[in-house]
Amino acid sequence: MSIFSDLTLGSSESLAREINPITDKEFHSLRDLIKTRFGINLTEQKKSLVVGRLSGVLRRAGIDSFQEYFQQIVADQSGKLLSQLIDKISTNHTHFNRESDHYDFFTQTVMRTLLRNIPPRIWIAGCSSGEEAYNVAMLMLEQQQSLADLADPIILATDISSTALEKASRGVYSAENVTKLPAGMARKYFRKQPTGEMLVNQNVRKLISYKRLNLIRDSFPFRSAFDVIFCRNVMIYFDVATRRKLVAQFTQLLEVGGYFFIGHSETLGRDTPGLRYIRPAVYLRTAET
Ligand SMILES: C[S@@+](CC[C@H](N)C(=O)[O-])C[C@H]1O[C@@H](n2cnc3c(N)ncnc32)[C@H](O)[C@@H]1O
């Protein structure tokens, strides 16, 4: 049976069959494919996590071995199965006001630079379900309401996960998630839905453009540089060589004087060409290189 049935049958488990335990060879084939195409570096310890996340896909498609699953992905010219695979494998954990000292620095320091460059260009790389992009947009509006009058979005928010991007585009979040924001912001920038969930207001949404983009690539399709790039808690899944290449690409895509934010558990080292360490997990683009 084709695995595409999972894309059409929804959550039907009626075709359930026993799945053969994954062999080392099957795990290595999947792991190598994921690493080559998406940069995500899965160690041997992640085997049971991979099986756990993919078993439902195989079961719904009536496939009983990871070998057959792998073969179907490789044979699929449309790329849908690969996309479904990365949706299952990527970790999309995020929330509003995550690593909030970045937002304080953004408001107190970065915004001053940005407001000299109207319209500013910001890239949230690995935006997951959108909280980070909306967070930045709301902070920008707090400082400069007139940004809402700009004709085009000023924040590009990208991710590889279609499911995460759909959630981002919907802009609907649990009330609990929204309460992580500074007091007053929920009232000002969200509308409560009959379900109790919170919908982001249109004046915030229009500042952001969500796009599916794989960070593992030789070049990026951008015509001009960005004033700020956020790539927080994404490169932790990549190996050192992949991270180095991507950081060099981000550096080239930043305006001199622009800012680069990474996650607090990540480090670039203090002597990365073209980037000067400013404070934990924040770098300034220098004229070097
Ligand atoms: C843990 S989330 C981080 C979300 C947010 N930046 C934050 O700090 O809360 C990591 C995100 O990176 C995305 N990601 C992983 N590999 C990627 C790739 N090769 N290209 C684009 N996005 C990728 C995942 O889909 C996921 O949404």
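## The largest pocket

About 570 Å³ of space lies in the largest pocket of this structure, which is a predicted model. Its lining is made up of 32 residues. Which of these lie nearest the centre of the pocket? They are Ser 90, Thr 91, Asn 233, Val 234 and Tyr 237.

Sorted by chemical character, the lining comprises 14 nonpolar, 12 polar and 6 charged residues. Two of the elements to look for here are helix α3, spanning residues 47-61, and strand β2, spanning 155-159. Each of them contributes at least two residues to the lining.

## Around the ligand

Turning to the ligand, you will find 23 residues surrounding it. The closest are Thr 94, Arg 98, Glu 132, Asp 159 and Asn 233. Asn 233 therefore appears in two lists: it is among the residues closest to the ligand and among those nearest the centre of the largest pocket, and it is buried as well, with a relative accessible area of 12%.

Several side chains place polar atoms by oxygen atoms of the ligand. For Arg 98, a polar side-chain atom lies 2.8 Å from a ligand oxygen. For Asn 92, the corresponding distance is 2.9 Å. Ser 90, another of the residues nearest the pocket centre, has a side-chain N or O atom 3.5 Å from an oxygen atom of the ligand.

## Two asparagines with positive phi

Two loop residues deserve a look at their backbone angles. Most residues other than glycine have a negative phi. Asn 233, however, has a positive phi of about 60 degrees, and Asn 97 also has a positive phi, near 60 degrees.

Where do these two residues sit in the chain? Asn 233 is in the loop between β7 and α12. Asn 97 belongs to the loop between α5 (80-89) and α6 (100-114).

## Salt bridges and helix α2

The salt bridges come to 7 by count. Helix α2, which covers residues 24-38, takes part in several of them. Asp 24 pairs with Lys 47, their closest N and O atoms being 2.5 Å apart. This bridge joins distant parts of the chain, with Asp 24 in α2 and Lys 47 in helix α3, 23 residues apart. Is this pair buried, exposed or partly exposed? Asp 24 counts as partly exposed because its relative accessibility is 44%, and Lys 47 is partly exposed too, at 22%.

Further along α2, the side chains of Arg 31 and Glu 44 meet in a salt bridge with an N to O distance of 3.1 Å. Arg 31 is in α2 and Glu 44 in the loop between α2 and α3, so the bridge spans 13 residues of chain. Glu 44 is partly exposed, with a relative accessibility of 37%. This pair belongs to a network of salt bridges that links Arg 31, Asp 32 and Glu 44.Lys 35 offers a longer-range link: its side chain meets that of Asp 239 in a salt bridge at 2.8 Å, N to O. Lys 35 lies in helix α2 and Asp 239 in the loop between β7 (226-231) and α12 (240-252), 204 residues apart. At 29% relative accessibility, Lys 35 counts as partly exposed.

## Buried positions and distances

Helix α2 also holds Phe 38. Phe 38 counts as buried because its relative accessibility is 6%, below the 20% cut-off. Its C-alpha atom is separated by 8.3 Å from that of Ile 160, although the two residues are 122 apart along the chain.

How far apart in space are Ile 124 and Asp 159? Their C-alpha atoms are 8.7 Å apart, with their positions 35 residues apart in sequence. Ile 124 is found in strand β1, residues 122-125, and is buried with a relative accessible area of 0%. Its partner in this comparison, Asp 159, is one of the residues closest to the ligand.

## An exposed residue after β10

Thr 289 gives a contrasting picture. It is found in the segment after β10 (282-285) and counts as exposed because its relative accessibility is 61%, over the 50% cut-off. The C-alpha atoms of Thr 289 and Ile 160 are separated by 29 Å, the two residues being 129 apart along the chain.

Notes:
Residues numbered from 1 in each chain as written. Predicted model: local features only at pLDDT ≥ 70, side-chain atom pairs only at ≥ 80, totals over all residues. Heavy atoms only, no water. 1 Å grid on protein atoms, 1.4 Å probe; cavity = no way out; pocket = protein on both sides within 12 Å on 5 of 7 lines; lining within 4 Å. Points joined across faces, edges and corners; volume = space filled by probe spheres on them. Helix = DSSP H or I, 4+ residues; strand = E, 2+ residues; numbered from the N terminus. Nonpolar A, V, L, I, M, F, W, Y, C, P; charged D, E, K, R; others polar. Salt bridge = Lys/Arg side-chain N within 4 Å of Asp/Glu carboxyl O. Buried < 20%, exposed > 50% of the residue type's maximum accessible area, 1.4 Å probe, protein only. Near = heavy atom within 4 Å. Polar contact = N/O pair within 3.5 Å; in protein donor to acceptor, adjacent residues only side chain to side chain.
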